[in-house]
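Work through the three exercises below with the sequence and the structure at hand, and try each task before reading its solution.

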Amino acid sequence: MVHFTCDLCGKDLTACGDPRYVVKIEAFPGFDPTEITEDDLDEDPMEAVSQLLQRDEQLSAEEAATPLRKGFRFDLCPGCHGKFLKDPLGKEFLRSFDFSKN
């Protein structure tokens with residue numbers, strides 16, 4: 001039998017019979033292409049590829065191995081799902097901390 005627990009509060013979702021909500025988040029670099037100009041069409045694409053390869057050769061092994069795209073998957077109970085929908089980035093939670101001004 002597959003066992004599910006809420007990834008936020010730890011509630012056992014298998015035994016309680018409550019519905020389980022799945023949240024999937026994907027993080028990746030944004031790309032907003034600009035308008036293509038005549039200069040862009042005149043550029044040599046093989047030269048651009050060569051420059052990218054040269055740039056990547058200068059990266060450390062750790063930088064090169066870091067994925068640009070990462071996905072996350074969470075199982076949530078109904079209560080945590082509701083909280084997530086109200087504040088998906090946790091901004092309100094962070095504002096609730098009262099840090100002293102040292």
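**Exercise 1: aromatic rings**

In this predicted model, the count of aromatic pairs comes to one. Determine how the planes of F72 and F74 are arranged: stacked or edge-to-face?

Solution. Begin with the general point that a pair of aromatic rings is described by the distance of the centres and the angle of the planes. The centres of the F72 and F74 rings are 6.3 Å apart, which falls to be judged against the pairing limit of 6.5 Å. The planes of F72 and F74 meet at 5 degrees, so the pair is stacked. As a last step, consider accessibility: F72 is partly exposed at 35%, and F74 is partly exposed at 32%.

**Exercise 2: charges over rings**

Find which ring R20 lies over, and which ring R69 lies over.

Solution. Taking R20 to start with, one finds it over the face of F4, at 3.7 Å from the ring centre. Turning to R69, one finds it over the face of F28, at 4.6 Å from the ring centre.

**Exercise 3: the core and H81**

Establish which residues form the largest nonpolar core, and decide whether H81 is buried or exposed.

Solution. The largest nonpolar core consists of six residues, namely C6, L13, V23, L76, C77 and C80. Setting aside neighbours within four places in sequence, C77 makes contact with C6, C9, K11, L13, P19 and Y21. H81 belongs to helix α5, which spans residues 78-86. Because buried means under 20% relative accessible area, H81 with its 17% is buried. Beyond its neighbours within four places in sequence, H81 is in contact with Y21 and L76.

Conventions. Residues numbered from 1 in each chain as written. Predicted model: local features only at pLDDT ≥ 70, side-chain atom pairs only at ≥ 80, totals over all residues. Heavy atoms only, no water. Core = buried A, V, L, I, M, F, W, Y, C linked by side-chain atoms within 4.5 Å. Buried < 20%, exposed > 50% of the residue type's maximum accessible area, 1.4 Å probe, protein only. Contact = heavy atoms within 4.5 Å. Phe/Tyr/Trp six-rings, centres within 6.5 Å; stacked < 30°, edge-to-face > 60°. Lys NZ or Arg CZ within 6 Å of the ring centre and 35° of its normal. Helix = DSSP H or I, 4+ residues; strand = E, 2+ residues; numbered from the N terminus.
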